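Student: Hi! I'm new to this one and could use a hand finding my way around. Can we go through it together?

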Amino acid sequence: MNAVTARTPALASRLPRVGTTIFTVMSALATQHGAVNLGQGFPDFDCDPALLDAVNQAMRSGLNQYPPMAGVPVLRDAVARKIEALYGHRYDPGDEITITAGATQAILTAILASVHPGDEVIVLEPCYDSYAPNIELAGGRVVRVALAAGTFRPDFAAIDAAITRRTRAIIVNTPHNPSATVWSHADLDRLAALLRPTDVLLIADEVYEHMVFDGVAHASASSHPELAARAFAVSSFGKTYHVTGWKVGYVAAPRELTAEFRKVHQFNVFTVNTPVQHGLARYMADPRPYMELAAFYQRKRDLFRAGLARTRLRLLPSEGTYFQCVDYSAISDRSEEDFCRWLTTDIGVAAIPLSAFYEDGRNQQLARFCFAKRDETLTTALERLARL
Ligand SMILES: Cc1ncc(COP(=O)(O)O)c(C=O)c1O
């Protein structure tokens, strides 16, 4: 008998340029060197016990089987009510709201549902790292437009110049990770004017919608009737309720867009965790947790900024999200990645280089910290950063 050799066939990668992300690298380095990890964006504190109770109760009462494909009706109702109360737009929870496995799956699904091979999708750099691979998986072409250097404001002339007959969608993220800037209603008006003569869709990544500071209101695509008519508005319970590991989010979109979205959703996740959906629906009955979130994070931002102001780091504005960017050019001329590695190994605080959010890895001597941390964690980090 001939010996059979097991052989794993070679695979041509669908995403040949994707490797280990800097987030994983910096977190591993932080653990290895006992550094305070202000790199990856998630809280180091727990969620409200009332939310855990609500999910627990749902599990114990037998809500553990497949929910309806689009999400449990009570949660879709709660989301529709919240959007109407905050942004003045009534989505039909039956046909226009879908519960997703986090914002990440919502964005991928919106792209797979709308982008055909050869279509172009505009992303505004720096941007969240899933957008470009998502577009490539759909066979689309990523068109990168830089936010203005220094201010990270949208450059509408550059966006206008990037729109072609092939443009299928533009992805806008406000409040913005990593720059912590927010779009104004005037920005939405300018975008609407650019998109008016086109069939370009808007994918609005609004996962930090409840973290806008200094009394400013979040400018949601849902609040702008013209944009809402062409938008997938995406949000995430993970960010809002300090449960990033639960991976539950939602997308609100006009019924024609939702119908196509659900065709793809049906065959990539089909449904999302039943008891968590019921728990979230019950917890959402009280608007205070999300209405008070901005004040909660603004206080942490101010604590963190007050400490950083005593160093040679130059603080960029933090208008929203739970991120704070700093310019370290007065301290070092190292590249961003080298500086962040040094900060982790020698100073004991992990940060993320802004270059990680650009395709060309450009170096602007900027780093991003996450302040979604207990006050003690922030204080320890600030004691270490005081050496700078
Ligand atoms: C801009 C942005 N979009 C989407 C996500 C992903 O959200 P989720 O965890 O709900 O998938 C994140 C998480 O860091 C983010 O920063």
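Student: What does the side chain of T258 reach with a polar atom?
Tutor: A polar atom of the T258 side chain lies 2.7 Å from the backbone oxygen of A253. Keep in mind that this is a predicted model.

Student: Which helix is T258 in?
Tutor: T258 belongs to helix α10, which covers residues 255-268.

Student: And is T258 buried or exposed?
Tutor: T258 counts as buried because its relative accessibility is 2%, and the cut-off for buried is under 20%.

Student: Okay, what about Q324, where does that sit?
Tutor: Q324 is in strand β10, residues 323-327. Its side chain reaches the backbone oxygen of L316 at 2.8 Å. With 0% relative accessibility, Q324 counts as buried.

Student: Let's switch to the ligand. Where does the ligand sit?
Tutor: The ligand sits in the largest pocket. Residues around the ligand include G102, Y128, N173, D205, S236 and K247.

Student: Which helix gives the largest share of that shell?
Tutor: That would be helix α4, residues 102-114, with three residues in the shell around the ligand.

Student: Which polar side-chain atoms come up against an oxygen atom of the ligand?
Tutor: One is in T104, where an N or O atom of the side chain is 2.5 Å from an oxygen atom of the ligand. Another is in Y208, with a polar side-chain atom 2.6 Å from a ligand oxygen. The backbone takes part too: a polar backbone atom of A103 is 2.8 Å from an oxygen atom of the ligand.

Student: How much of the ligand does the protein bury?
Tutor: The protein buries 93% of the 400 Å² that the ligand exposes when taken alone.

Student: New topic: which peptide bonds are cis?
Tutor: One joins E125 and P126, with omega about 5°. Another runs from N177 to P178, with omega near 15°. N177 is also one of the residues around the ligand.

Student: Where are those two prolines?
Tutor: P126 is in the loop between β3 (120-125) and α5 (131-137). P178 is in the loop between β5 (167-173) and α7 (185-195).

Student: Why point out cis bonds at all?
Tutor: Because most peptide bonds are trans, and likewise most residues other than glycine have a negative phi.

Student: So which residues other than glycine have a positive phi here?
Tutor: A180 has a phi of about 65°, and D214 has one near 60°. A180 is in the loop between β5 and α7, while D214 is in the loop between β6 (201-205) and α8 (225-228).

Student: Buried or exposed, those two?
Tutor: A180 is buried, with a relative accessible area of 0%. D214 counts as partly exposed, at 48% relative accessibility.

Student: Last thing, how many residues are in the largest nonpolar core?
Tutor: The largest nonpolar core has 63 residues. Among the members that touch the most others are F232, Y297, F304 and L385. There is also a second, separate core of 30 residues, including I163, V172, L227 and L354.

Student: Why would nonpolar residues gather like that?
Tutor: In soluble globular proteins, nonpolar side chains tend to be buried together.

Conventions:
Residues are numbered from 1 along each chain as its sequence is written. This is a predicted model: local features need pLDDT of at least 70, side-chain atom pairs count only at pLDDT 80 or more; totals for chains, interfaces and linings use all residues. Side-chain values use heavy atoms; hydrogens and water are left out. A nonpolar core is a set of buried Ala, Val, Leu, Ile, Met, Phe, Trp, Tyr and Cys residues joined through side-chain atoms within 4.5 Å. Buried means under 20% relative accessible area, exposed over 50%, partly exposed in between (1.4 Å probe, protein chains only). A residue is near a molecule or strand if one of its heavy atoms lies within 4 Å of it. A polar contact is a pair of N or O atoms within 3.5 Å; within protein, one must be able to donate a hydrogen and the other to accept it, and residues adjacent in sequence count only if both atoms are side-chain atoms. Accessible areas come from the Shrake-Rupley method with a 1.4 Å probe; for residues, only the protein chains shown count as cover. On a 1 Å grid over the protein atoms alone, a cavity is a set of points where a 1.4 Å probe fits but cannot get out, and a pocket is an open set with protein on both sides within 12 Å along at least five of seven lines; lining residues have an atom within 4 Å of a point. A molecule sits in a cavity or pocket if more than half of its atoms lie within 2 Å of its grid points. Helices (H or I, at least four residues) and strands (E, at least two) are DSSP runs, numbered from the N terminus.
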